[in-house]
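Trainee: Could you take me through one part of this structure up close? I'd like to get to know a single pocket and what surrounds it.

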Amino acid sequence: MEQYTVTGMSCAACSARVEKAVSGVKGVTSCSVSLLTNSMGVEGTASAEEIIAAVREAGYGAALKKGNNNQTAQLSSEEDALKDRETPVLKKRLIASLGFWIVLMYVSMGHMMWGWPLLSFFDGNHMAMGLLQLLLTVIVMVINQKFFISGFKSLWHRAPNMDALVALGATAAFGYSTFALFAMTDAQVRGNMDAVMTYMHELYFESAATILTLITLGKMLEARSKGKTTNALKGLMKLAPKTATLLRDGMEITVPIEQVAKGDVFVVRPGENIPVDGTVLEGNSAVDESSLTGESIPVDKAAGNPVSAGTLNQSGFLRCEATRVGEDTTLSQIIQMVSDAAATKPPIAKVADKVSGVFVPAVIAIAVVTVMVWLLAGQTVGFALARGISVLVISCPCALGLATPVAIMVGNGMGAKNGILFKTAVSLEETGKVRIVALDKTGTITQGEPKVTDILPAEDVDETELLSITYALEKKSEHPLARAIHQRAEQDGLTASEVQQFQVLPGNGLTASLDGTDLYGGSYQFISGKIQVPAKMKEISEQLSEEGKTPLFFARDSALCGIIAVADTIKDDSPRAIAEMRNMGIHVVMLTGDNERTAKAIGAKAGVNEVMAGVLPDGKESVIRELQQKGKVIMVGDGINDAPALTSADIGIAIGAGADVAIDAADVVLMKSRLSDVPAAIRLSRATLRNIHENLFWAFIYNTIGIPLAAGVFIPLLGWQLNPMFAAAAMSLSSFSVVTNALRLNFFRMHDSKRDQKGKNKSNYSNLKETKIMEKTLKIEGMMCGHCEMHTQKALEALNGVTKAEVSHKTGTAIVTLEKEVSDDALKQAVAEQGYQVTDIIY
């Protein structure tokens, strides 16, 4: 997508005109114009010159936003484009207008209606008072000449905008008042004082000036509020450091950020921002990544860990190698994503765009008809003109045009601050509408790497001895399951003994010798071929397999030492995140290549509605297509093999720590690897869409009620009559109220599930059970080993309503996760049946 800056737009009719003009250029496949950011996104093969020429022919200006590998120049350009230039200019215009308007109102209203004193020169001199009003009004009109230049220019191009309505209204009031002033002069020359007083009351100079002044006030408030909607994006741009400290020939030199190249070595001291993406070569520190991920807890960094531009080094000295610079850094890509999303339009905006395209011509027609009808009804020219002017100035296409983009910008900014990036406005709108979420198991629901879950020593062997033997045997193995054992042994502070004759044998087994004894390790099939495995240990291994774990047997000479179970453990927040999605009325499906027994065990712990086992990487796409027959689908994944499925789904969500290919294929990117950000993204989408609906409702209602009121429809019925000045005030506040309503999204708490509501379930899955997550901690006496843990866990998880039980004999506790109420007595009874006693239950 090529992005352009568009100048000269003042309302939704302008953006609709530009969009229509560019869409008509040969080679343009899509065009989206944002009134909020004065930007335009264009896709297709048309040249920039053709596109800019089309915009100019429509009566506006355009310039291509230059892409630049120079990070500073690129971000400065983006930040400069978002700079609020309107508010200072409008503020000066407003102050100048108010100064002359107050004097005009004193003369025309204060003296005429309430008898406020004037210079003796004006006593009885109606001509002088009329000329003074004309002069003051002309000054206000000159101050606000932009309305007339833009308005009449748009009329010349046969594409009237909001400025045309203001210009026509003010010109009509001024023109008729000037005519009345000349007629009053003629009547005074002829000595007809009754006619003089009649024409004196037909002067609408103050209406013309008030219209211009109040609409300038409204424009200033609107511009100020619009500036706030881009605060999140501007805040991201300010994170980019302007310089970096490089190591060259053993010397530290400070260079502009654009001079940093891939492979350069740079240093970062405590309190400094990291200049570019890189890898730590030396040093340890805690880095605050909240600016990119929204995670407030600093992340520990050591040699080999990645670091990102714009994050803050808090404690230690780091020496790093640059891996991504310029527009390739994570920060630059986030800024580009947010900027691109602001330059696109969601489907809901099409309704407002269609209305905006015909709105201004329709209002002008209504105003002309209004004047004609009142004249035919026998009213005076002044009365009829006042009704027509009211219709012109109360109508507000801006409120319609801003209803969608301001909410999209604020919603997108909120997401970016919390590590949730919507690539387009369409993805922000559609995410909240889905009714099925498909989750890839590995790396999404689970950690993505195996960990030791159970250590079950045989008789006469303790846990430390079993782990030491295992560590010695597995130390030379590079298998992922072996790495899990390495990690656990190192965590427990063990050191590996040196083994001899290490071999990897067919049948998933290892063998080695240690101090004259033979060590064996591997699957049940392998170990059972070497030694006699007790029936009880075989039964335990089967139970572990049913729970989705991989039991590894270890033996020394002819005796079994024990079992160590390894599994890709479920992330801490996964069960809660899945429960929250189910509470929203969403059907959650887990996709995995595991066998059905293992998959169901993991699915039960995670709390999903449905498990699809045996799904090969290339089969995920077809599964997504099947699910789409039942409703709109979100696919959440992190790997390269997830990319086709992410593309096929209605909305693809990539876990930020995943593969670049997956991130490129996704519609939404989660910077943190937390599944809880998926329901947060859905909540934010729904809140943004709700805000857009509110904005459009008020914009349509305002015009639906305001135009008939201004036209005088209610005068015969209720006697309601709207002065043009009050019409101008109403118009001024309409856009301001829409933008202010959108700013409320800044206070939305996207991780708060208390107000979740089930949307209308448009999928073919019906009668989904409501899942409420609750936890109870049981204090248990009598557990002595891993066997005790296993029996207690199995007994608790067998209870209806218990989704997960985490049991530890070391702490003497069992943390039980419930999807519905389970009585304390039932929990106590289940534990007692295993021979243990519950002493306390904590909620």
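Mentor: Here is a walk around the second largest pocket and on to a hairpin that shares a strand with its lining. Keep in mind that this is a predicted model. The pocket has a volume of about 1,200 Å³. It is lined by 40 residues, and the closest to its centre are Val452, Thr453, Asp454, Lys549 and Thr569. So what kinds of residues make up the lining? They divide into ten nonpolar, 13 polar and 17 charged.

Now for the elements around the pocket. Those that give two or more residues to the lining are strand 16 (446-457), helix 19 (480-491), strand 21 (559-570), helix 23 (596-606), helix 30 (786-797) and strand 28. Strand 16 gives the most, with seven residues.

Let's follow strand 28 away from the pocket. Strand 28 covers residues 802-808 and runs antiparallel to strand 29, with six bridges joining the two. Find valine 807 and look across: alanine 814 of strand 29 stands opposite. The two strands form a hairpin, with four residues between them. In that turn sits glycine 812, which has a positive phi of about 65 degrees. On the far side of the turn, is strand 29 (residues 813-818) mostly covered or mostly open? Strand 29 is mostly covered, as five of its six residues are buried. So your tour runs from a pocket lining with 17 charged residues, by way of strand 28, to a strand that is mostly buried.

Note on methods. Residues numbered from 1 in each chain as written. Predicted model: local features only at pLDDT ≥ 70, side-chain atom pairs only at ≥ 80, totals over all residues. Heavy atoms only, no water. Buried < 20%, exposed > 50% of the residue type's maximum accessible area, 1.4 Å probe, protein only. Pairing = 2+ DSSP bridges. 1 Å grid on protein atoms, 1.4 Å probe; cavity = no way out; pocket = protein on both sides within 12 Å on 5 of 7 lines; lining within 4 Å. Points joined across faces, edges and corners; volume = space filled by probe spheres on them. Nonpolar A, V, L, I, M, F, W, Y, C, P; charged D, E, K, R; others polar.
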